[in-house]
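Here is a set of short exercises to work through with the model open beside you. Try each task yourself before you read its solution.

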Amino acid sequence: MPRITRVEPTKDDIRLLYETVRIAHQAKLEGSHPFGALLADKDGTILLEQGNAYEQGGPAMHAEAALMFKAGKLYSPEFLSGCTLYSSAEPCVMCTGAMYWTNVRRLVFGISEAQLLELTGSDEQNPTFSLPSHKVLEHGQKDMEIVGPVQDASLIEAIQADHLSFWNK
């Protein structure tokens, strides 16, 4: 039975989540959905970053999935097991699965899927799943660590800003 550990964010986690906000904002400026993700090694060095890539790959090209596809080609599963996926919002079922299959064992996210749904409402561009990432990972066979949703008010506000001005226009 896999063990899913929930822990509080470190200062480095918060710093890197702010980077996902920057990436999400850039994606929005480029006309895509405001989501950002990055991959960091065990020392907190950013290896890859990715905004939502809807225009390049269609509706299934979420930031986290696109990032994991790149990571899986560039790095070994052994190396990735010591890395962290950072995401401005909790990864969906598909993106959580991509993280699992590439062997990234640590997830840090800003806002939850439920918080995202509050922001997007019934916008047909983002028909969210009501299935938290920890529920998806509980059905796997790997030990995983999850940090999120964070409770840092200024970070949450920064994440929400791009969503509030994007959905349901």
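**Exercise 1. Count the salt bridges and describe three of them.**

Step 1. Take a salt bridge as a side-chain nitrogen of Lys or Arg within 4 Å of a carboxyl oxygen of Asp or Glu. By this rule the count is seven salt bridges. Before going on, note that this is a predicted model, in which local features need pLDDT of at least 70, side-chain atom pairs count only at pLDDT 80 or more, and totals for chains, interfaces and linings use all residues. Residues are numbered from 1 along each chain as its sequence is written, and side-chain values use heavy atoms, with hydrogens and water left out.

Step 2. Start with Asp 13 and Arg 106, whose closest N and O atoms are 2.8 Å apart. This pair links distant parts of the chain: Asp 13 sits in helix H1 (residues 11-29) and Arg 106 in strand E5 (residues 106-111), 93 residues apart. Helices (H or I, at least four residues) and strands (E, at least two) are DSSP runs, numbered from the N terminus. For burial, use these classes: buried is under 20% relative accessible area, exposed is over 50%, and partly exposed is in between (1.4 Å probe, protein chains only). Asp 13, at 1% relative accessibility, counts as buried, and Arg 106 is buried with a relative accessible area of 17%.

Step 3. Move to Arg 22 and Glu 49, which form a salt bridge with closest N and O atoms 3.0 Å apart. Again distant parts of the chain are linked, with Arg 22 in helix H1, Glu 49 in strand E3 (residues 46-51), and their positions 27 residues apart. Arg 22 is partly exposed at a relative accessible area of 40%, and Glu 49 counts as partly exposed at 35%.

Step 4. Finish with Lys 28 and Asp 162, where the closest N and O atoms of the salt bridge are 3.4 Å apart. Lys 28 lies in helix H1 and Asp 162 in helix H8 (residues 153-164), so the pair ties together parts 134 residues apart in sequence. Lys 28 is partly exposed, with a relative accessible area of 21%, whereas Asp 162 counts as buried at 8%.

Step 5. Look for shared partners: salt bridges join Asp 13, Arg 106 and Glu 145 into one network.

**Exercise 2. Find the nearest side chain of opposite charge to Glu 64, and list what Glu 64 touches.**

Step 1. Locate Glu 64 in helix H3 (residues 63-74).

Step 2. Assign charges: Lys and Arg count as positive, Asp and Glu as negative, and His and the chain ends are not counted. Glu 64 is buried yet has no salt bridge, and the nearest side chain of opposite charge, Lys 70, is 12 Å away.

Step 3. Collect contacts (heavy atoms within 4.5 Å). Leaving aside neighbours within four places in sequence, Glu 64 is in contact with Ala 37, Leu 85, Ser 87, Ala 89, Pro 91 and Cys 95.

**Exercise 3. Describe how strands E2 and E3 pair.**

Step 1. Two strands pair if DSSP finds at least two bridges between them. Strand E2 (residues 36-40) and E3 pair in the antiparallel sense over five bridges.

Step 2. Pick out one bridge: Gly 36 has Gly 51 in E3 as its partner.

Step 3. Inspect the hairpin, which has five residues between the strands; there Gly 44 takes a positive phi near 85°.

**Exercise 4. Work out how helix H5 is placed, and end with Thr 102.**

Step 1. Seven of the ten residues of H5 are buried, so the helix is largely enclosed by the rest of the structure. Among them are Cys 95, Met 99 and Tyr 100.

Step 2. The buried residues of H5 pack against several elements, including H3, helix H4 (77-80) and strand E4 (84-89).

Step 3. Thr 102 lies in H5 (residues 93-102) and is buried, with a relative accessible area of 14%. Not counting residues up to four places away in sequence, Thr 102 touches Met 68, Gly 72, Pro 77 and Leu 80.

Step 4. Look just past the helix: H5 is followed by Asn 103, whose phi is positive, near 85°.
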